[in-house]
Amino acid sequence: MRRTTPAPAPARRKQSRTLLAAGTASAVAAATLVGVTLGLAPAASAGEFLVNGGFESGSLGPWSCTGNSGSVVTSPVHGGGYALAAAATAGDTAQCGQTVTVAPSTTYTLSAYVNGSYVYLGVDGGGPSTWTPGTGGGYQKLSVSFTTGATQTSATVYTHGWYGQGTYYADDVSLDGPGAPSPTPTPTGTPTGTPTGTPTGTPTGTPTGTPTGTPTGTPTGTPTTPPPPGSHALVGYLHASFANGAGYTRMADVPNSWDFIDLSFGEPTSVTSGDIRFNRCSVTDCPTVESDADFKAAIAAKRAQGKKVLISIGGQNGQVQLTTTAARDTFVSSVSAIIDKWGLDGLDIDFEGHSLSLNTGDTDFKNPTSPVIVNLISALKTLKATYGPGFVLTMAPETFFVQLGYQYYGSGPWGGQDPRAGAYLPVIYALRDDLTLLHVQDYNSGSIMGLDNQYHSMGGADFHVAMTDLLLNGFPVAGNTNNVFPPLPAPKVAIGMPATTNAGNGYVAPAEVNKALDCLTKLANCGSYVPRSGAQPNLRGLMTWSVNWDQFGGREFSKNFDGYFRR
């Protein structure tokens, strides 16, 4: 979930993810919102950090393009007399970049005017990116903000196209930030980062044997049985560890509409440590925050009412890569400690960004070999076995990691694809019997192909229907009919939506929410997409980012859910 979303008040952190470079010609989707923390650093203003951003020198310098794919042209241009033209081929996205000197812990804004299909603008090294949809038709402005790390002194910004999409154009590229760069930025050669988001952490070990790390405590209270199949549920994330424009909501004040309450977020001490910590929002950032004792008592009260309270791991800032068995075991013990301390029902996996990816050659979702995948599966199975049948396990992947698998899986048979494409599929498959609920984030997503082989985009009921139908019907992974991801039972599936326009891209009004539910549960009121899976009256319900944003928006989302399912 992204923490940094438009808000009426200054935001500290949020979790609906800033888009990262995605990896397919279609759904360069998901664009996984990677950890950019806004609002803690100086605001960007009054300094241009790029050289020759308008290409008005008539040459590329100091820009550098992969495979000599770039050139300067006089038409079409956005402003001035020149623009960049770069030709993406079947084997090269035509990435053009420039490395500049930046200040640590400082917020910058990168913008550009681009022309073409699937044109990206972004920052290497785990920074954000965004892209145009699969249609050309003139110049469009792209813009992303990012905050440098505490010791960061350089950044490489880039633009690129997509495989086989042909020539794209870029003009008036600008990196705006406080002050002027010193020393004058100089190019450092061809960008070294991969635009499709190769993980920054390299697996260092292969899982062997049985997990040696076990929880040090026992559940604080008797696990409660998950709601019976067929009952409808509303899932919401509660901003428990940070503040933003949505405001702080005390656990005791969470309305009864919410059946699953996901505490956001547990985050690792480092990307590959596996050591997860849950730090509650401070009084400084959240003046109305309750005491630890009151927070714990409110959790117990919610559980006594039959609500499920979970710790959500990951989110926009919490990149988790279990590259070794040691990290796997630390994950098990540290997550267990959080569950035991606060008396929780279980765990929500909200891995984003570069947490999950598939190694080259890992092509069978039923038998994964990538350590970050294998170790996560092992860790979750250990937690489930330790706490027993009452342990609640939910997952909140983005469309890029799940539905995109219908077209692309990992780096592909010839390499070159984004290794994160479909990377949640082996985890979902391995845990399908242990999984309580899967609620894919149908937001902050690019266009994704449905089972009708048409691309579907956010903004209406059809997108939710098509994305959910892929889960309920199953689909051939990467189009291979001999390798089919089997359908999930409807009671294990909910639909993820933003609660308000502030909460994330892809908000739909209540009428469109209800239209999607009508179509999926009754085969009524369908638009252009009719589910292949048929009517699914036992569809579990809805998930939203977030409880706080719903409160801020006058409870539009939760009241509509209650009106639809509980009237």
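Is C281 buried or exposed, going by its relative accessibility? Let's work up to that one and then keep going.

This is a predicted model, where local features need pLDDT of at least 70, side-chain atom pairs count only at pLDDT 80 or more, and totals for chains, interfaces and linings use all residues. Residues are numbered from 1 along each chain as its sequence is written, and side-chain values use heavy atoms, with hydrogens and water left out.

**Exercise 1. Work out whether C281 is buried or exposed, then do the same for its disulfide partner.**

Step 1: get the cut-offs straight. Buried means under 20% relative accessible area, exposed means over 50%, and partly exposed is in between (1.4 Å probe, protein chains only).

Step 2: apply them. C281 has 5% relative accessibility, so it counts as buried.

Step 3: find the partner. A disulfide is a pair of cysteine sulfur atoms within 2.5 Å. C281 is joined to C286 that way, S to S 1.9 Å.

Step 4: check C286. Its relative accessible area is 2%, so C286 is buried too. The link of C281 and C286 has 75° about the S-S bond and is right-handed.

**Exercise 2. Find how many disulfides there are, and describe the other pairs.**

Step 1: count. The rule gives 3 disulfides.

Step 2: take C65 and C96. Their sulfur atoms sit 2.0 Å apart, and the link is right-handed, with 115° about the S-S bond. This pair ties together distant parts of the chain: C65 belongs to strand β2 (residues 64-65) and C96 to strand β5 (residues 96-101), 31 residues apart. In case you're wondering about the labels, helices (H or I, at least four residues) and strands (E, at least two) are DSSP runs, numbered from the N terminus.

Step 3: check the cover on that pair. C65 is buried, with a relative accessible area of 10%, and C96 is buried at 1%.

Step 4: take C519 and C526. Here the sulfur atoms are 2.1 Å apart. The torsion about the S-S bond is about 100°, so this disulfide is right-handed. C519 is buried at 1% relative accessible area, while C526 comes out partly exposed at 24%.

Step 5: write the pattern. Number the bonded cysteines in sequence order and you get 1-2, 3-4, 5-6.

**Exercise 3. Explain why strand β12 is described as largely enclosed, and name the strands it pairs with.**

Step 1: look at burial. In β12 (residues 233-239), 7 of the 7 residues are buried, so the strand is largely enclosed by the rest of the structure.

Step 2: sort the residues by direction. In a regular strand the side chains alternate between the two faces of the sheet. In β12, A233, V235, Y237 and H239 point one way, L234, G236 and L238 point the other way, and all are buried.

Step 3: find the neighbours. Two strands pair if DSSP finds at least two bridges between them. β12 runs parallel to β24 (residues 541-545), with 4 bridges joining them, and G236 has T544 as its bridge partner there. With β13 (residues 260-268), β12 pairs in the parallel sense over 5 bridges, and Y237 stands opposite D262.

**Exercise 4. Repeat the analysis for strand β4.**

Step 1: burial. In β4 (residues 83-88), 5 of the 6 residues are buried, so this strand is also largely enclosed by the rest of the structure.

Step 2: pairing. β3 (residues 70-73) and β4 are antiparallel, over 4 bridges, with V72 opposite L84. β4 is also antiparallel to β11 (residues 166-176), joined by 5 bridges, and A88 faces G166 there.

**Exercise 5. Compare the span of helix α3 with the expected value, and see what follows the helix.**

Step 1: the expected span is 1.5 Å times one less than the number of residues.

Step 2: α3 (residues 371-387) has 17 residues and reaches 24 Å from first C-alpha to last, close to the 24 Å expected.

Step 3: α3 is mostly covered, with 13 of its 17 residues buried. After it comes G388, whose phi is positive, near 90°.

**Exercise 6. Locate Q319 and find what its side chain reaches.**

Step 1: Q319 is in the loop between β15 (308-314) and α2 (325-342).

Step 2: Q319 is buried, with a relative accessible area of 11%.

Step 3: its side chain reaches the backbone nitrogen of H354 at 2.6 Å.

Key:
A polar contact is a pair of N or O atoms within 3.5 Å; within protein, one must be able to donate a hydrogen and the other to accept it, and residues adjacent in sequence count only if both atoms are side-chain atoms.
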